[in-house]
Amino acid sequence: MSVKRFVIIGNGPAANHAAKALREKSSESRITIFSKDPFRSYSAHLLPDFIAGLIKEEDLYNRSYAHYNEMDMNLRLGQRVVSVDFSKRNVILDHKEVVQFDGLIVATGGKPRIPEQFQLFQDIMLTLKTPLDARMWVEKLRNVESVLIIGGDLTSLSLTKALLKLDKRVKFILNEDSFWPVPLNEEIYRAVTDRLEQRGVEIVHCQRIRRITQLEENLLEVETDREILETGVLGAFFGLVPDVGFLARTGLDIDRGILVDEFLKTRFANVYAAGDCAQVYHPALRDYWVSIGHENATALGRIAALNLAGSHFEVRVEPENILEVGGVKVNTSWWTEF
Amino acid sequence: MMANGFAPEGPINSNTEPEGPNVLYSTDPADFRYMTVNVPCQSACPALTNIPAYIRALYESKFGLSYEINRIVNLFPGTLGRICSRPCELKCRHGESELGNPVNICHIKRAAADFRPPGHTYLSPRFAPSGKSVCIVGSGPAGLAAAHDLAILGFDVTIYEACHEPGGMLRYGIPDFRLPRDILSEEIQNVLRLGISLKLGVNVGVDISLETLMADFGAVLVASGCYESMKLDVPGENLAGVYPGLEYVMDVAAGYKESIGKKVLVTGAGFTAFDCSRLALRLGAEDVSICIRGFEEDLRVTHDEILEAKREGIKIRSLSLSKQILGSGKVEGIEFQRTRPIERTSGGRRRVQPIEGSEFVVEADTVIVAIGQAPRPLKGGPGEKNDRGVLLADRKTFQSSTPGLYVTGDYLTGPTTVIEAIASGRRAAERIAQDLTGRKFREWAVRIQDFRITDRDRSWDVLPRIEMPTVLPVKDRFLNEEVVEVESGYSSEQAHEESKRCYLCYLHYEIDVAKCIYCRYCIDNAPRDCIKLVKQVLLDETGAVKELVETTNWLDVNAVVIDNSRCIRCGECVRVCPVDCISVSKVELLERPLVQESKA
Amino acid sequence: MPEVDFTVEVCGMAGDGTIAAGGLINEAMSHGGFSVLGFDSYPAEIRGFGRCVTNSRIGSNEIVALGEKTHALISLNDEQSRSRTPSLAEHSLVFFDSNPPAYVPEDSSLLSVLPPGAQVFGIPFGALAVGASGASRGRNLTALGGFAAVTGVDPNLFRKVIRDKFKSKGDRLVDINVKSFDAGYEYALEKFSDRLKKIFSKIETGHDPQKVMLSGNQAIGMAAIDAGLKLYFGYPITPATPIMEYLAKYLPEHGGQVVQMEDEISSIGAVLGSFYAGARSMTATSGPGFALMTELITHGVMAEIPAVILDAQRGGPATGLPTKTEQSDLHAAVFGGPGDSARIVIAPTNVEECYHFVIRSFQLAEKYQTPVIVLTDFFLHNRVENRPLIRATEGQAASWNVFPDEAFKDHYQRYADTPSGISPRALPGMQGFNFIATGLEHTEKGSPDYSPENHTKMSEKRHRKLRYSLKDLEKPAEFFASDHLDVGVIGWGSTFGSVLEAVEKSRKNGFKVGALKVTSIFPYHSETIGAFMAKSKRVLVPELNYEGQLANLIAHLDSKPVERLNFVTGTPIPPSAIQNRIEELLEVEAQ
């Protein structure tokens, strides 16, 4: 019997837990992990600490290269999958390599969401998802004193804490477009603004951002419907969207994420999706949901791998952790953590 | 000898005639087959527009010629250069995955229209009057195209139009921020100038019967399009604040609608749904969503359209099937059901399954149902009809069951695109002309001409695609009372730059096996796997190349062959060949007038 | 100043511009003030589809041996480059074409066989070159641009050497090649802005004007010209052919001629002929050609005619491994041929010595009137080094001919038995000096004489002359000299660089180790070598041959057995292999 070839796209918690489970279940198989990023698996929640100077960059990374050798996995960093051909059962890489698979797990996770109306200003806004983004913050913060954050999600709030530690002046715009993953209501708005103000953050009240202009390298002008602000740097946090654009028109069902059944299986045999990029209909919720957060990702990664290896585990969610954003339900525990 | 690298004599039809030195016309099926495979853009165009030729003309700054190469087959270059559905760009070789993005074929067309000098020469050959007359019902793209062709073929043409202005869907179905009315009017006028008589405000079947027209004219062509909005068939569709999509767009176009609610839900996945949504924003709506049963991939509009709509703030609500429209007296929202996508139909339409128990409600004060249109039934009159009362005809011959009565365009096929309607109208005209006179006026042929290598620079192959500039930031689109055309058009420099990107696939490269010394320098310098070491060439039933059987065993190599379906016409092989054994010819699919031969 | 010791490889197919790219790296880094040692390998076939690899070791300190681990791999052909991955260092940088002409399956892709820590830099070499210059041929330069940007090399160094390389071909070619380089440089600078390494940027060493970038081939060619070579005779053979190519190009400018002969026998014959007439000449060959020459070499020994023969060793026996390096002709050079035909054999160990030894070979041949064999190898010929090279003056290259004293006019004996064994040599046409040259055993006057007494006497005379020549032969040089050594390593030829590096590293590890460089292979300085062996507890002789040919030659000089380290890999011995062996011997010693 020929050796099974498993391909995992992504190198986050879901991908790594899927790889580990696959190796447990099939010691002979070939496991290849593709990551478009050139760096190793990292702990996203530590990024603000790194920006605040509390930890070193090396501390962000949670798996050594040797780990992959020990597990006999081919880790291929900085190599982007650009398409999948499900009829020929191969993935196609950016550098025009074609890799065959017998089983595939898509676990690409999420990427920062920039609403279309803000995409015009994308180049002058910073986000925070990867160590690379964090390095850019560190670089930028050497030369600027004031920071404007459009946000409301967990990342933006923990970044704000880090910025305050660095004695930066922080202004914060909390509005509907940016708040995520729960819809912003008046009660939450008050609760969050109070907390931020107590910590010394200036809250900017406005409905809409009209225009962002770069005046100088370290000076931006932001025009809202109420006023014109100046800031050294602008951080934009609109939550995450599943990073599945490359799978468009491959035949997979892609809405926000990849539509999978309660066993995380896609339309195609032996093709699974797990983690922040999978979208599941859940009967108990009576709607679709996309998981977020480290805990969910690891659990889903494992389930996808076990099912690919022949098991039949169903995904379970706790309804009280389910929130809705942009028409899609998300599972998160961030609110209770905050 | 184009399609077959080995044959000493190629499949050139024997009844070809010379046109100057080194020019041949062929109607051999193998050559048509070659064109389909190797000039993908032209084959993808329903009207078979000679795309490489017009892009090359624009590159040479011959804007008038470029416009005219378009106009003779698609009639409205300025209009299509804005709103065409661009099937050509999906097939453009430059868009093959490793080669970048397709050439912006459509916007180059617009540039040809934008920058053409006044008074350029017409290319359409005109035929002497036949003394026969044709009546056309409807002045939309199909009707106007048929009228144009019948006029140049020598017929007296009269158009009856129910609306107060000509253009049909072009005028009433497409909002002015996508298609400015002066551009449209000028191009319609260009058609009417051929001596076509236009009767506006006449509703055939109401104001005048088909029978009367049949009696007055040699033939009648029904091209009255699809104006009947389809219904969701759910409860609540008749509530106040619920509009059929097409009527909504037409009312706005005619100036009847000036305001709308704040929270608008539009159902539908086509251009009409997008037009309705973007119009709603321009009329003051604050929260507009397009609701679809499937997901974004199922939308039947261009990528640019989705991007611009989202930029303007329109949301897309996917996997939502309308179950009922809610409200007491006035619309208050829609109850949706979540769907699960299942296999597509053979026609590529998404099918979905509603999920039991997933009902949810979205509030709205306006609902627009834009899920499609159908032809209007005709009451009574000649010709066989379907059970809805829609006149039927043969899709190839355009003939109805009543001799002399023809049907074309969307009325015949159901809703399609402008370019398909134009092609349909022109083919119907050719058929009517043949039926009325018993002769063939024109034919499609492959024109083959020896060609020297072009001045295309290899570096042009890696130029990035220039996207259409649009008015940004978005708020500037809503500035004042005046209509702002969202796409601002290329500058002539941008158009020129974009035109450089076209590979000019109408060039055909071929290695002369008798001269080739198998040195493989061409392969060493090839931009991709376009030149092959071939063991065998398999031909299809027309005699065109079906497959090149490659080999890696040097002893099995029988020829070094250029695979024109992979070739990007960069010319590197011609430049490096030490024995000058690679020839280039220009092959174009075009329509040529047939000389009538007197029959003894 | 941080120490730089960085090895970069360029790998491609014949026709990819691999060797040119490697050459430009060497030149650029040399101009940047770094020490460079480069070595290329390429296919044996003439119109090849084979693999080309250049290896450049770049250091802030003197580099004496090739690098073992590759820190950067520039792949111009991924399928070929797969073979390079075993030698990649940890976290090595890999540059590859991210937009090749065709899709590649996993089993021929380079990236699928890289270790997980490799840092990949995908650059569309071909497409960028096309964009910059209108042709994809500049893709090797685009690749260099990417390499320069990521490793932090000043782009002006590359621009300068590109201009120098192409200036003879016109401004247009200079322009498009610089543009191709810039396209890769700018692309990488932007695309990898977050991953740029500043490996070379912090070094502020100026360019040493005395340092020239030379291959062994060039050094030998220059030396021949500087020695006033009049005639070169040869028959093409890898790896000696570049000598003939070089001389064919430059020798005529200096009043000499290159003659391609019908084979190696006629080549050596012609060399003997021209020395017979008093003109300096030489031939260069490799093992198979050298074997053909041996009979006539012994003719030179017997008739006491000078000759200079360069044997560029390659893998043998017979046709063997034409493009691989080996040190297995030592026995043939020293002993090859009929009779007791001792001749002088010298072996340079680096490019600089190639130059000086070739000049010296003419002088030795003239003075000792015997063929002199310069024993080089493929690695020495094809490697490039940027060492200071001080060209020999005319005086330094002057003739060492020993002409007869006027006093002997009319009673001149061509083979006079002198205390040194050197018989002053007349040239044909010198009035009053009866000239003779014969391959038969002869008397002092030159008449045939097969008597036991005469053959004994004349054999003794010829060998005395050879022994006497030792005073003009370079003595073995001791490195890290000390009275007692735990391990003494003796090295010769191109292997000596690896010996030196290994010994230096072992010493840094605290071991008492020394090295002896032997360049005079025959006759050799038995006392010096013997003394070195005597003071070393263990003696190690690493050689690139199976039999241990130098070890065989000198083993008798000391009573303890000589440890041998023999490789026949066709590639230079890695310093670490020698170092490991040294440290193994030390461990055994400690037990």
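Which residue follows H4(B), and what is the sign of its phi? In this predicted model, the residue after H4(B) is B:Leu75, and its phi is positive, near 65°. The helix that leads up to B:Leu75 is a good place to begin.

H4(B) covers residues 63–74 of chain B, 12 residues in total. From its first C-alpha to its last, the helix reaches 16 Å, close to the 16 Å expected at 1.5 Å a residue. Because 11 of its 12 residues are buried, H4(B) is largely enclosed by the rest of the structure. The buried set includes nonpolar side chains such as B:Phe63, B:Leu65 and B:Ile69, and charged ones, among them B:Glu68 and B:Arg71. Four helices of chain B pack against these buried residues: H3 (51–59), H5 (77–83), H7 (105–115) and H16 (418–437).

Attention now turns to the meeting of chains A and C. Here, 18 residues of chain A are in contact with 16 residues of chain C. On the chain A side, two or more residues come from each of helix H3 (65–70), strand S3 (73–77), strand S6 (97–100) and helix H4 (131–141). S6(A) gives the largest share, 4 residues. By class, this side of chain A has 8 nonpolar, 5 polar and 5 charged residues.

S6(A) also takes part in strand pairing across the two chains: with strand S6 of chain C (residues 104–105), it pairs in the parallel sense over 2 bridges. Within this pairing, A:Glu97 has C:Val104 of S6(C) as its bridge partner.

Definitions and conventions
Residues numbered from 1 in each chain as written. Chains lettered and ligands numbered in written order. Predicted model: local features only at pLDDT ≥ 70, side-chain atom pairs only at ≥ 80, totals over all residues. Contact = placed C-beta atoms within 7 Å. Pairing = 2+ DSSP bridges. Expected span 1.5 Å × (residues − 1). Buried ≥ 20, exposed ≤ 12 C-beta atoms within 10 Å, placed from the backbone.
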